[in-house]
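Me: Please take a close look at one part of this model, the charged side chains and what surrounds them. I would like one connected account, with the cut-offs stated as the terms come up.

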Amino acid sequence: MAEMFIGGEWRRARSGATYPVVNPATEEVVDHAPLGGIEDVEEAVRVAKEAFPSWSKKDFEERGEFLRRGVEILKAHREEIVETLTREQGKPLHEAQGEFDHLLHGLTYYADLATKIRGSYQPLPSRFGPSYGLIIKRPIGVAAAIVPWNFPLTLMGTKIGPALVAGNTVVVKPASTTPLAAIKVVGYLNEAGLPPGVLNIVTGPGRTVGEALVSHPDVRRVAFTGETATGRRILELSVPHFKRVTLELGGSDPVIICPDADLDKAVRGVLIGRFWNAGQACLAAKRVYVFEEVYDTFLEKLLAGVARYEPGEGWVKAERPRIRIGPLHTAKQREEVQAQLQDALAKGGKLLYGGKVPEGRERGFFFLPTVVAEPAHDSRVVREETFGPLLPIWKVKDIDEAIRMANDSIYGLGSSIWTYNVKWIHKAAQEIEAGMTWVNQIHYGYDELPFGGVKQSGYGKEHGIEALDYYFETKSVVVGDLE
Ligand SMILES: NC(=O)c1ccc[n+]([C@@H]2O[C@H](COP(=O)([O-])OP(=O)(O)OC[C@H]3O[C@@H](n4cnc5c(N)ncnc54)[C@H](OP(=O)(O)O)[C@@H]3O)[C@@H](O)[C@H]2O)c1
């Protein structure tokens with residue numbers, strides 16, 4: 001049975017309760033995790049608060065070193081962590097390896113930044129005698145890191161990395177359905193010699209453990225990734241305490257395929273963009289708009305690519321040219337995608353591929369990659385986030401229509417355009433309402449660039465040097481009486 005890591009020790013829930021973690025490919029139990037409660041949150045926040053004064057005063061270089069050592073320890077346990085991730089989450093092994101490597105890359109990026117943090121100097125008018133100002137940065141305190149199930153490791157890393165190098169202490173709350181690999185990662189990072197209480201993990205339901213963490217008065221910083229509706233609740237709970245909050249939320253990323261696009265590259269970008277992680281990615285390619293001149297050719301190439309996907313257990317390799325696609329993460333997730341597809345079909349959409357559970361896959365939460373053409377633009381696949389392997393496609397006349405339809409969403413996370421026309425690239429960069437536009441590139445969250453949505457997709461940024469700003473409070477200092 002897995003345990004939580006609190007205050008430098010492995011612990012069960014105070015109540016002794018546990019719950020099963022289910023393998024989405026087989027519906028078998030992978031392991032049991034502690035069903036944490038409010039008292040476990042209290043304890044984790046207490047030890048994190050206690051650890052803060054000395055951790056925040058540690059040399060920046062030393063904090064970076066802890067992270068670097070942690071990365072080396074993680075590398076030695078790559079196989080075990082990747083395998084656990086595949087079994088609890090459902091994603092194919094090569095995708096789990098990709099996620100693990102991305103985690104290490106992100107942690108190393110922040111370890112490298114530890115010694116590059118700067119404040120600033122400001123000359124001041126000599127109204128009260130000569131003086132100057134400094135803007136200094138101070139770590140905030142205990143940070144809560146609340147993580148979803150689709151990328152349990154990278155999305156934890158994007159919070160732990162900047163929080164720790166900036167000098168905060170952390171309590172992680174993984175998604176209930178994916179606690180196991182996250183627990184291992186937190187345990188191994190602690191083996192790097194982190195002082196007890198600096199990095200903790202508490203498992204249990206969002207409604208109790210998550211809310212207790214967000215509302216705890218000693219948690220000063222909340223970093224959340226998950227659904228927009230949950231983000232709204234987290235903001236409501238944080239506002240009375242004026243906590244520093246960042247929210248990375250849902251998306252409905254549009255993709256625009258222009259007539260001059262390299263269609264083979266664009267098709268590859270859309271396939272990976274939509275079907276990676278069985279379509280369960282915030283920045284997945286969720287709506288495709290194709291210029292009419294290339295619509296037929298694009299579709300033909302796309303459908304040939306979609307036919308290569310073979311749903312199956314993540315730990316079984318697909319025979320080339322087949323590509324493995326895992327199950328959806330839960331039965332509820334699959335039902336949601338099925339309902340969105342039915343709505344799209346009822347609103348004029350034409351099913352071009354998939355649309356059902358693959359034959360012989362009655363166990364597990366599998367669903368065929370699915371393509372639907374031209375559903376009405378007020379159908380659920382446009383109004384809501386589609387979090388599964390369901391791709392709607394529309395034909396467009398020109399760039400203005402493409403951008404208008406791209407922007408017809410409550411979301412604004414990512415977006416992409418496939419063209420070499422500099423005017424269209426400029427227009428997309430300026431006019432698409434999103435936190436990110438990829439040009440002739442696959443949708444991917446680079447550690448080096450600030451990432452986060454606009455509209456109902458987000459509040460604040462993760463990744464990049466910019467993420468560090470959310471883990472510091474700035475203070476202005478005036479130094480006078482200089483002569
Ligand atoms: N913008 C981005 O960077 C980004 C990246 C990845 C994913 N996402 C979004 O995340 C969503 C998928 O993840 P999900 O279904 O796991 O999201 P979710 O249901 O919102 O859950 C996310 C996390 O919040 C916890 N939680 C749930 N209710 C809570 C509450 N009332 N108070 C505090 N914590 C609470 C969950 O715990 P339990 O598991 O125990 O419920 C889980 O740990 C999608 O919408 C996706 O687009 C966004």
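Reply: Asp481 is exposed, with a relative accessible area of 73%, where exposed stands for over 50%, buried for under 20% and partly exposed for the range in between, calculated with a 1.4 Å probe on the protein chains only. This acidic residue belongs to the segment after β24 (472-479), and its phi, near 50°, is a positive value in a residue other than glycine. Strands here are DSSP runs of E with at least two residues, helices runs of H or I with at least four, both numbered from the N terminus. The model is a predicted one, in which local features need pLDDT of at least 70 and side-chain atom pairs count only at pLDDT 80 or more, while totals for chains, interfaces and linings use all residues. Residues are numbered from 1 along each chain as its sequence is written, and side-chain values use heavy atoms, with hydrogens and water left out.

A second acidic residue with an unusual sign of phi is Glu374, where the angle is near 55°, again a positive value in a residue other than glycine. Glu374 occupies the loop between β17 (370-373) and α12 (380-383), and with a relative accessible area of 34% it is partly exposed.

From these backbone details one can turn to the pairing of charges. Side chains of opposite charge can pair when their charged atoms come close. A search of the whole structure yields 35 salt bridges, each being a side-chain nitrogen of Lys or Arg within 4 Å of a carboxyl oxygen of Asp or Glu. One of them brings together the side chains of Glu43 and Arg14, at 3.8 Å from N to O. This pair links distant parts of the chain, since Glu43 is in helix α1 (residues 38-57) and Arg14 is in the loop between β2 (9-11) and β3 (18-22), 29 residues apart. The two partners sit in opposite surroundings: Glu43 is buried, with a relative accessible area of 12%, whereas Arg14 is exposed, with a value of 55%.

Another salt bridge is made within a helix, where Lys427 pairs with Glu431 and the closest N and O atoms are 3.2 Å apart. Both residues belong to helix α14 (residues 422-431), and because they are four residues apart they are separated by about one helical turn. Glu431 is partly exposed, its relative accessible area being 38%. Elsewhere, salt bridges with shared partners join Glu9, Arg11, Arg14, Glu43, Arg46 and Glu50 into one network, and the pair of Glu43 and Arg14 described above is a salt bridge between two of these names.

The arrangement within a helix recurs in α7 (residues 206-215), where Arg207 and Glu211 are four residues apart and therefore separated by about one helical turn. Their salt bridge has its closest N and O atoms 3.1 Å apart. Arg207 is exposed, with a relative accessible area of 63%, but Glu211, at 15%, counts as buried.

Glu211 also leads to the ligand, since it is among the residues that come nearest, together with Lys173, Ser176, Thr230 and Glu385, out of the 30 residues around the ligand; a residue belongs to that surrounding set if one of its heavy atoms lies within 4 Å. The shell receives at least two residues from each of α7, β10 (219-225) and α8 (228-238).

Three polar contacts, pairs of N or O atoms within 3.5 Å, involve oxygen atoms of the ligand. In one, an N or O atom in the side chain of Ser176 is 2.5 Å from a ligand oxygen. In another, the partner is a polar backbone atom of Val147, at 2.8 Å, and a backbone N or O atom of Gly206 likewise lies 2.8 Å from an oxygen atom of the ligand. The ligand taken alone exposes 910 Å², and the protein buries 90% of that, the areas coming from the Shrake-Rupley method with a 1.4 Å probe.

Just ahead of α7 in the chain, the loop between β9 (199-201) and that helix holds Val202, which counts as buried at 1% relative accessibility. The C-alpha atom of Val202 is separated by 43 Å from that of Val479, 277 residues away along the chain.

Key:
Polar contact = N/O pair within 3.5 Å; in protein donor to acceptor, adjacent residues only side chain to side chain.
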